[in-house]
Amino acid sequence: MKTTIYLLLALLVLGLYRPPQARAEGGWGPFGIRGGLAADSKDRNTTQYEAFGEYELPWSLRSKGGWGMSTRIALTAGALKSQGDYGFIGSLGPSFAIGNPERFPLELDLGISVALLGRDKFGTWDYNGIEEFVSHGGLIYHISRQFALSYRFQHMSHAGFNGSPNPGLNLHLFGINWYPAR
């Protein structure tokens, strides 16, 4: 139930902005939802669900054929569940999409963000601080101009800034992306 509430609130916040019609100078999109589970056995029963939105920045590195990289700022809000306890997780940071979605349906998705947790203790598991860093690498498969399926491998840790221990968390996340202005 709490997961549903967190996702609905996140979708509401991300949906308040109306995307511009022209994408040539940047703009909002994609939007979407994703969720997944822990990649390591030490974190079994850990799941994460989130809504996301990205603002495409007006500059990109592209060849005349359309191949290259677009730069974005990514914003997420969602729920992290571990050992039966739920908590908020939100992040903000740069993201890079590499490929040519107009000619080839697969893009590489890379990024790093600053994340905040609503709590640092989940049952007996302690992330040793609510300030975290999230890095990810994944793939986006465009099934149409406006919709895509995504996968990402995501690592979260505090990078030693909160001292020791630094348990970290690795996740497999699967999502649905919506590109409103395409």
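Contact here means heavy atoms within 4.5 Å. The model shown in these views is predicted.

**Figure 1. Overall content of the predicted chain.** Among contacts between residues at least 6 apart in sequence, 57% join residues at least 24 apart. The protein chain contains 1 helix and 10 strands. Read from the N terminus, the order of elements is α-β-β-β-β-β-β-β-β-β-β. Of the 182 residues in the chain, 45% count as buried.

**Figure 2. The closed barrel.** A barrel is closed by 8 strands, taken in the order 1-2-3-4-5-8-9-10, with antiparallel pairing. From one strand to the next, the twist averages 25 degrees. Strand 1, residues 27-38, is paired with strand 10, residues 169-178, in the antiparallel sense through 8 bridges. Across this pair, Gly36 stands opposite Leu173 of strand 10.

**Figure 3. Strand 3 and its partner strand 2.** Strand 3 covers residues 68-82 and is mostly covered, with 11 of its 15 residues buried. On one side, strand 2 (residues 47-62) pairs with strand 3 over 13 bridges in the antiparallel sense. Glu56 has Arg72 in strand 3 as its bridge partner. The hairpin made by strand 2 and strand 3 has 5 residues between the strands, and Gly66 in this hairpin takes a positive phi near 100 degrees.

**Figure 4. Strand 3 and its partner strand 4.** Strand 4 spans residues 85-99 and forms an antiparallel pair with strand 3 over 15 bridges. Thr71 stands opposite Phe96, a residue of strand 4. With 2 residues between them, strand 3 and strand 4 make a hairpin, and Gln83 in its turn has a positive phi of about 50 degrees.

**Figure 5. Strands 8, 9 and 10.** Strand 8 and strand 9 run antiparallel and are joined by 10 bridges. In this pair Ser135 stands opposite His155 in strand 9. The two strands form a hairpin, with 4 residues between them. Strand 9 is also paired with strand 10, again in the antiparallel sense, over 10 bridges. Here Gln154 stands opposite Leu171 in strand 10.

**Figure 6. The largest nonpolar core.** This core has 12 residues: Ala38, Leu80, Ile89, Ala115, Leu117, Phe122, Tyr127, Val134, Met156, Leu169, Leu171 and Leu173. At least two residues of the core come from each of strand 5 (106-117) and strand 10. Strand 10 gives the largest share, 3 residues.

**Figure 7. Surroundings of Leu173.** Leu173 is one of the residues of the largest nonpolar core, and Gly36 stands opposite Leu173 in the pairing with strand 10. Neighbours within four places in sequence are left aside in this view; beyond them, Leu173 is in contact with Arg34, Gly35, Gly36, Gln48, Glu50, Ser150, Tyr151, Arg152 and Gln154. Among these contacts, Gln154 is the residue that stands opposite Leu171 in strand 10.

**Figure 8. Cavities in the structure.** The structure holds 2 cavities of 30 Å³ or more. The largest cavity contains about 90 Å³ of space. Its lining has 13 residues, of which Thr76, Ser91, Ser113, Val134 and Arg152 are the closest to the cavity centre. Strand 2, strand 3, strand 4, strand 5, strand 8 (131-142) and strand 9 (147-157) each supply at least two lining residues. Val134 is also listed in the largest nonpolar core, and Arg152 is also a contact of Leu173.

**Figure 9. Ala159 in the loop between strand 9 and strand 10.** Ala159 is located in the loop that lies between these two strands. Ala159 counts as partly exposed because its relative accessibility is 48%, and the partly exposed class ends at 50%, over which a residue is exposed. The C-alpha atom of Ala159 is separated by 7.6 Å from that of Glu132, a residue 27 positions away along the chain. With neighbours within four places in sequence left aside, Ala159 is in contact with Phe133 and Asn166.

Technical notes
Residues are numbered from 1 along each chain as its sequence is written. This is a predicted model: local features need pLDDT of at least 70, side-chain atom pairs count only at pLDDT 80 or more; totals for chains, interfaces and linings use all residues. Side-chain values use heavy atoms; hydrogens and water are left out. Two strands pair if DSSP finds at least two bridges between them. Axes are lines fitted to C-alpha atoms, for helices over the stretch in contact, and angles run from 0 to 180 degrees between N-to-C directions. A nonpolar core is a set of buried Ala, Val, Leu, Ile, Met, Phe, Trp, Tyr and Cys residues joined through side-chain atoms within 4.5 Å. Buried means under 20% relative accessible area, exposed over 50%, partly exposed in between (1.4 Å probe, protein chains only). On a 1 Å grid over the protein atoms alone, a cavity is a set of points where a 1.4 Å probe fits but cannot get out, and a pocket is an open set with protein on both sides within 12 Å along at least five of seven lines; lining residues have an atom within 4 Å of a point. Grid points are joined across faces, edges and corners, and a volume is the space filled by probe spheres set on the points.
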